[in-house]
Amino acid sequence: MDPVIGLDISKGKSQVQAFLQKKEPYKKSFVFEHNVIGLHDFHRFWLEVEEVTGRPPVVVFESTGHYHEPVLQFLEDQQIVYYLVNPVLSHEAKKMSLRKVKTDAIDAFRLGELYYLYDDLQPFKKKAVKFMNLRNQTRQHDALTGTYVQIKLQFQTVLDQVFPEYKTAFGDLYSPTSLRTLLHYQTPQGIKEETKEKIAEVIRQQGAKRSYGWALDKARQLKEAADRNPFKRNLYTSHVEGLTMFIQLLLQYQRHLSKLIKEIDALAEEFDEYEIIRSIPGIGRKIAATILSEIGEIDQFNHPKKLVAYSGIDPRVHESGQFKASINRITKRGSSILRKSLYNAVQCGITKNRNPKLRAYYNKKREEGKPHKVAIIACANKLIHWIYAILKSKKGLCDLEETNNILL
């Protein structure tokens, strides 16, 4: 016998369906909660299936973001072999039935059948805790950065209705000194009523490591900006209140992001692979940490094409009879964060010729008539092959002579 247990995992609970062997389901489907009692009930059922078949059943479930984490950790603690499958794979298996029926019990049944359907399923190897911590931190940084950008846009909208000329006084509108000064003088009227010397003193108190002459020059620019401002008086107090709120949020997010990037650097430096990835020109600290955390242990990929597929930049192939598609888009499956990081790494590499070999490859693709984005994806494909080679060899790009031939 070849027993398997399929789990359809949702928030806080899982639907269970066991098979003793192919096309031989065992008992009725049931649900257990993701708590100590529920997990104990599931383990008791798992032991029952093992006793009936004489073999320990494997467990199959699909990745569900974070909902599956309690089950995954329990299976790890009990040393139960499990398969964490891509939702795309399980979705395709569910579509094999002609009947349009969708329930948790049927989904658990299909996941059990999936085990017998695909011979090449590999037991899931959980990434090391350090890799997962790094991944969580880089993803938190990306999420906070996205929210921070949205707040900047909303702040800009309100500022344009209160003091649009303010942005001409500071080279970096979002620097802490600029934001704290604006928090002190929220309207042009407040600046007009103050002397340049007093404004300069306020600017210096905001933490700028500049001379008094620099602060005095900024005070002069602020006075001129207040005189040019099209709004001579503020009609809406809500705008000023909104400006205060957005400034405080921006300063708070800047502190959080600064702290998080330091933690990411400290954790990433514990990996030898971090400096290896950074040896590729154009890849900075944050991008290197993200790529490292998303790939995890390189030994789980036995061929660079599998890493390419994992990043979702492999082309779709569409052929039927005499037809062969001439335009093949990328699959966009796998890790979207890894794919985004590769895209950014290529952009940084070809900008200002930071990575001459990558730039030469980009120019070659452009000369072949490829559009810009197609050439960028081709470079990303090339880049992931380099990363695979240097991680496998555990040598930096400059030290790996074999890779230099690949770069050409």
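**Figure 1. Residue pairs between β1 and β4 in the predicted model.** In this predicted model, G6 stands opposite V60 in β4, and L7 stands opposite F61 of that strand. These pairs belong to the contact between strand β1 (residues 4-10) and strand β4 (residues 58-62), which run in the parallel sense and are joined over four bridges. Strands of a sheet pair through backbone hydrogen bonds, in either a parallel or an antiparallel arrangement.

**Figure 2. The open sheet and its edges.** Five strands form an open sheet in the order β3-β2-β1-β4-β5, and the pairing within this sheet is mixed. Because β3 (24-33) and β5 (82-85) each have a single partner strand, they stand at the edges, and one side of each is left without a neighbour in the sheet. On average, and with direction ignored, neighbouring strands of this sheet are turned by 20 degrees against each other.

**Figure 3. Strand β4 and its surroundings.** Five of the five residues of β4 are buried, so this strand is largely enclosed by the rest of the structure. In a regular strand, side chains alternate between the two faces of the sheet. Both faces of β4 are covered, with V58, V60 and E62 buried on one side and V59 and F61 buried on the other. β4 also pairs with β5, again in the parallel sense and over four bridges, and here E62 has V85 in β5 as its bridge partner.

**Figure 4. Helices packed on the sheet.** Helix α2 (residues 69-77) lies across β1, β2 (13-21), β3, β4 and β5, and its direction runs at about 155 degrees to that of β5. Helix α4 (residues 104-117) also packs on the sheet, where it touches β1, β2, β3, β4 and β5 and makes an angle of about 40 degrees with the direction of β2. Taken with the two strands that it links, α2 completes a right-handed β-α-β unit made of β4, α2 and β5.

**Figure 5. Two loop residues with positive phi.** K23, in the loop between β2 and β3, has a positive phi of about 60 degrees although it is not a glycine. K23 is exposed, with a relative accessible area of 75%. K352, in the loop between α14 and α15, likewise has a positive phi in a residue other than glycine, with a value near 55 degrees. At 73% relative accessibility, K352 counts as exposed, because the cut-off for that class is over 50%.

**Figure 6. Helix α6 and the buried residue I191.** In helix α6 (residues 176-184), the buried residues include T177, S178, L179, T181 and L182, and the buried residues of this helix pack against α5 (129-162), α8 (196-205), α9 (212-228) and α10 (237-268). I191 is found in helix α7 (residues 188-192), and at 0% relative accessibility I191 counts as buried. Not counting residues up to four places away in sequence, I191 touches F163, Y185, I199, L222, K223 and A226. The C-alpha atoms of I191 and A225 are separated by 9.3 Å, although these two residues are 34 residues apart along the chain.

**Figure 7. The nonpolar cores.** In soluble globular proteins, nonpolar side chains tend to be buried together. The largest nonpolar core holds 43 residues, of which I283, I291, I295, L342, L383 and I387 touch the most other members. At least two residues of this core are supplied by each of α5, α10, α11 (272-278), α12 (285-295), α13 (304-311), α14 (336-350), α15 (356-367) and α16 (372-393), and the largest share, 12 residues, comes from α16. With neighbours within four places in sequence left aside, I387 is in contact with I280, I291, I295 and L342. A second, separate core of 32 residues includes L182, V202, A215 and Y253.

**Figure 8. The crossing of α14 and α16.** The axes of these two helices, α14 and α16, come within 9 Å and cross at roughly 100 degrees, which means that α14 is roughly perpendicular to α16. On the α14 side, the contact is made by L342, Y343, A345, V346, Q347 and I350. On the α16 side, the contact is made by H372, K373, I376, I377, C379, A380, L383, I384 and I387.

Notes:
Residues are numbered from 1 along each chain as its sequence is written. This is a predicted model: local features need pLDDT of at least 70, side-chain atom pairs count only at pLDDT 80 or more; totals for chains, interfaces and linings use all residues. Side-chain values use heavy atoms; hydrogens and water are left out. Two strands pair if DSSP finds at least two bridges between them. Axes are lines fitted to C-alpha atoms, for helices over the stretch in contact, and angles run from 0 to 180 degrees between N-to-C directions. Contact means heavy atoms within 4.5 Å. Buried means under 20% relative accessible area, exposed over 50%, partly exposed in between (1.4 Å probe, protein chains only). A crossover is right-handed if, with the strands pointing away from the viewer, the path from the first strand over the helix to the second runs clockwise. A nonpolar core is a set of buried Ala, Val, Leu, Ile, Met, Phe, Trp, Tyr and Cys residues joined through side-chain atoms within 4.5 Å. Angles under 35 degrees count as roughly parallel, over 145 as roughly antiparallel, 65 to 115 as roughly perpendicular and the rest as oblique.
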